[in-house]
Amino acid sequence: LSDEKHLIHAVQRFPENFEDKTFQRMTHAHISTTELFKKIRTSIHLARMVISMDLIRTYLNEETPRFPKKRHLKVHFLPTKLIFPFGLKPVLGFSIGFNLIKQHEIFEEKHILTAIQKFIPNARIVPDSLYKFHPRKSSIVTLYVEIEKNDGSIFTLNERFNLRQGIEEEFSQRIECLASSLFSIRNEEEVIRTILALSRELTSK
């Protein structure tokens, strides 16, 4: 409930930036992420994640119809700290959104990491930090993921500046187009993962 309170506050302050489905997306995030994902992140940050992804989706829904055959990709940076018994761990979150312009396009952790390591070679994906939202029949994909450094150090201002300057273009170039047969197999795997997530949510209540 605390997540929804923060979201309500943001919607009240900036109502023009949000769609009616924002609250549904908050519910989707709760169902689709593990208990550990929610436990080590503050409710404020989870609300920021959903709001950021929603703002990107709104932007892409406006831009894509104007140039439907062009790749549109937007990134928001969400620096945060993960909560562990031994203390706080600094990480850098990314909200990423893009439009699909071909059939069977994918963009996953390996693509994200390869792009980021062009700017920060010792970066790595925080385990189990990827959250994806892609409604059926929608050409817009939004996702959230976090990175950290292998040595645990914080990201410098220069590193963040370099990311802001070039990461959107780098992400765009990493989107991969699969053969239809491989894509069908991956879709089946995604359905199974969704069913398992819903099962976990139901059994925990």
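A contact here means heavy atoms within 4.5 Å. In this predicted model, that criterion gives a first view of the interior through M53, a residue of helix α4. M53 touches S95, Y131, F133, T142, L143 and Y144, leaving aside residues up to four places away in sequence. The side of M53 is little accessible: its relative accessible area is 5%, under the 20% limit, and therefore M53 is buried. A further relation involves I96, which is 43 residues from M53 in sequence, while the two C-alpha atoms are 7.1 Å apart in space.

Before other regions are considered, the confidence of the prediction deserves attention. The mean pLDDT of the chain is 85, and 77% of the residues score at least 70. Residues 181-185 have pLDDT under 50 throughout, and the model shows four contacts for them beyond four places in sequence. Where pLDDT is low, the predicted coordinates should not be read in detail.

Helix α5 offers a view of packing by a whole element. H111, I112, A115 and I116 are the buried residues of α5. Viewed down the axis of α5, these buried residues fall within an arc of 125 degrees, so they line one face of the helix. The elements against which the buried residues of α5 pack are β2, β3 (105-106), β4, β6, α6 and β7 (176-177).

Helix α6, one of these partners, spans residues 157-174 and contains E159. With a relative accessible area of 17%, E159 is buried, because the limit for that class is under 20%. What does E159 touch, not counting residues up to four places away in sequence? The residues are I120, K149 and I154. With K149 there is also a polar contact of 2.8 Å between the side chains.

Charged pairs form a further layer of the description, and the model has ten salt bridges. One of them joins the side chains of R41 and E146, with an N to O distance of 2.6 Å. This pair links distant parts of the chain, 105 residues apart: R41 is in the loop between α3 (35-39) and α4 (43-63), and E146 is in strand β6. Are the two partners buried or exposed? R41 is buried, at a relative accessible area of 4%, and E146 is buried as well, at 0%.

Strand β6 takes part in another such pair, through E148. The side chains of E148 and K89 meet in a salt bridge of 3.3 Å, N to O. Because E148 lies in strand β6 and K89 in strand β2 (residues 87-99), the pair ties together parts that are 59 residues apart in sequence. E148 is buried, with a relative accessible area of 6%. K89 has 25% relative accessibility; this value lies between the limits of 20% and 50%, and K89 therefore counts as partly exposed. The pair also belongs to a wider arrangement, since K89, R124 and E148 are linked in a network of salt bridges.

A third salt bridge returns the reader to helix α6. K118 pairs with E170, and the closest N and O atoms are 3.1 Å apart. These residues are 52 residues apart and link distant parts of the chain, K118 lying in the loop between α5 (109-117) and β4, and E170 in helix α6. The partners contrast in accessibility: K118 is exposed, with a relative accessible area of 54%, whereas E170 counts as buried at 5%.

Two loop residues remain, and their backbone geometry is the point of interest. Most residues other than glycine have a negative phi. D128, although not a glycine, has a positive phi of about 60 degrees. Its position is the loop between β4 (123-125) and β5 (131-133), and D128 is exposed, with a relative accessible area of 62%. K137 is likewise a residue other than glycine with a positive phi, near 70 degrees. K137 lies in the loop between β5 and β6 (140-149), and at 90% relative accessibility K137 counts as exposed, because the limit for that class is over 50%.

Conventions. Residues are numbered from 1 along each chain as its sequence is written. This is a predicted model: local features need pLDDT of at least 70, side-chain atom pairs count only at pLDDT 80 or more; totals for chains, interfaces and linings use all residues. Side-chain values use heavy atoms; hydrogens and water are left out. Helices (H or I, at least four residues) and strands (E, at least two) are DSSP runs, numbered from the N terminus. Buried means under 20% relative accessible area, exposed over 50%, partly exposed in between (1.4 Å probe, protein chains only). A polar contact is a pair of N or O atoms within 3.5 Å; within protein, one must be able to donate a hydrogen and the other to accept it, and residues adjacent in sequence count only if both atoms are side-chain atoms. A salt bridge is a side-chain nitrogen of Lys or Arg within 4 Å of a carboxyl oxygen of Asp or Glu. pLDDT is the predictor's confidence in each residue, from 0 to 100. The arc is that of the directions from the helix axis to the C-beta atoms.
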